[in-house]
Amino acid sequence: MKTATQVFNSYEREHSHKSPEFKAGFLVVLAKLIDGKRMGPAPYPARTAQADAYAAGQAEGRRVADMHWAAQA
């Protein structure tokens, strides 16, 4: 089974144009869902572009994690 970092690295190769905030949100969700790590509070102030990118990364991370689990079944 792949780790969150391995899944992220596979995704990042094709999506390297995404912002650092998006990537951070993406990886933190993968780490929670795949590796069982805890998520802390969002590192960006609410209602900022950075917070929006972080949240978008989290949503995409959930989608990719779901695909990862489906592939494992």
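Partly exposed here means a relative accessible area between the buried range, under 20%, and the exposed range, over 50%. Arg63, with 41%, therefore counts as partly exposed. This is a predicted model, so everything below describes a prediction. The picture in brief: a nonpolar core of 11 residues, four aromatic pairs and two salt bridges.

**The core**

- The largest nonpolar core has 11 residues: Ala4, Val7, Phe8, Tyr11, Phe22, Phe26, Leu30, Ala31, Ile34, Val64 and Ala65.
- Three helices each give two or more residues to this core, namely α1 (4-14), α2 (20-35) and α3 (49-72).
- Helix α2 has the largest share, with five residues.
- Tyr11 is a good place to start looking around: leaving out residues up to four places away in sequence, it touches Lys18, Phe22, Phe26, Glu60 and Val64.
- Of those partners, Phe22, Phe26 and Val64 are also listed in the core, as is Tyr11 itself.

**Aromatic pairs**

- The count of aromatic pairs comes to four.
- Tyr11 and Phe26 make a stacked pair, because their ring centres are 4.2 Å apart and their planes sit at 20 degrees, with under 30 degrees being the cut-off for stacking.
- That pair links distant parts of the chain, as Tyr11 belongs to helix α1 and Phe26 to helix α2, 15 residues apart.
- Both Tyr11 and Phe26 are buried.
- Tyr44 and Tyr54 pair up edge-to-face, at 5.6 Å centre to centre and with 65 degrees between the planes.
- This pair also links distant parts of the chain: Tyr44 is in the loop between α2 and α3, while Tyr54 is in helix α3, 10 residues apart.
- The two tyrosines differ in cover: Tyr44 is partly exposed, at 26% relative accessible area, whereas Tyr54 is buried, at 7%.
- Ring pairs also join Phe8, Tyr11, Phe22 and Phe26 into a cluster, and those four residues are all on the core list.

**Salt bridges**

- Searching the whole structure turns up two salt bridges.
- One of them joins Glu12 and Lys23, whose closest N and O atoms are 2.8 Å apart.
- Glu12 lies in helix α1 and Lys23 in helix α2, so this bridge ties together parts that are 11 residues apart in sequence.
- Glu12 is partly exposed, with a relative accessible area of 24%, but Lys23 counts as buried at 18%.
- The other bridge joins Arg63 and Glu60, with 2.7 Å between the closest N and O atoms.
- Arg63 and Glu60 share helix α3, where they are three residues apart, or about one turn of the helix.
- Arg63 is partly exposed at 41%, while Glu60 is buried, with a relative accessible area of 18%.
- Glu60 has turned up already, as one of the residues that Tyr11 touches.

**Surface patch**

- Met1, Leu33 and Trp69 make a nonpolar surface patch of about 320 Å².
- Met1 sits in the segment before α1.
- Met1 counts as exposed, because its relative accessibility is 69% and the cut-off for exposed is over 50%.

**Around Gln58**

- Gln58 is found in helix α3.
- With 13% relative accessibility, Gln58 counts as buried.
- Setting aside neighbours within four places in sequence, Gln58 is in contact with Gly25, Phe26, Val28, Val29 and Met39.
- Among these contacts, Phe26 is the ring that stacks with Tyr11.
- Lys37 is 21 residues away from Gln58 along the chain, and their C-alpha atoms are separated by 14 Å.

Key: Residues are numbered from 1 along each chain as its sequence is written. This is a predicted model: local features need pLDDT of at least 70, side-chain atom pairs count only at pLDDT 80 or more; totals for chains, interfaces and linings use all residues. Side-chain values use heavy atoms; hydrogens and water are left out. A nonpolar core is a set of buried Ala, Val, Leu, Ile, Met, Phe, Trp, Tyr and Cys residues joined through side-chain atoms within 4.5 Å. Buried means under 20% relative accessible area, exposed over 50%, partly exposed in between (1.4 Å probe, protein chains only). Helices (H or I, at least four residues) and strands (E, at least two) are DSSP runs, numbered from the N terminus. Contact means heavy atoms within 4.5 Å. Patches are made of residues with over 30% relative accessible area and no salt bridge: like charges are joined within 9 Å, nonpolar side chains (Val, Leu, Ile, Met, Phe, Trp, Tyr) within 5 Å. Accessible areas come from the Shrake-Rupley method with a 1.4 Å probe; for residues, only the protein chains shown count as cover. A salt bridge is a side-chain nitrogen of Lys or Arg within 4 Å of a carboxyl oxygen of Asp or Glu. Rings of Phe, Tyr and Trp (its six-membered ring) pair if their centres lie within 6.5 Å; planes under 30 degrees apart count as stacked, over 60 as edge-to-face and the rest as tilted.
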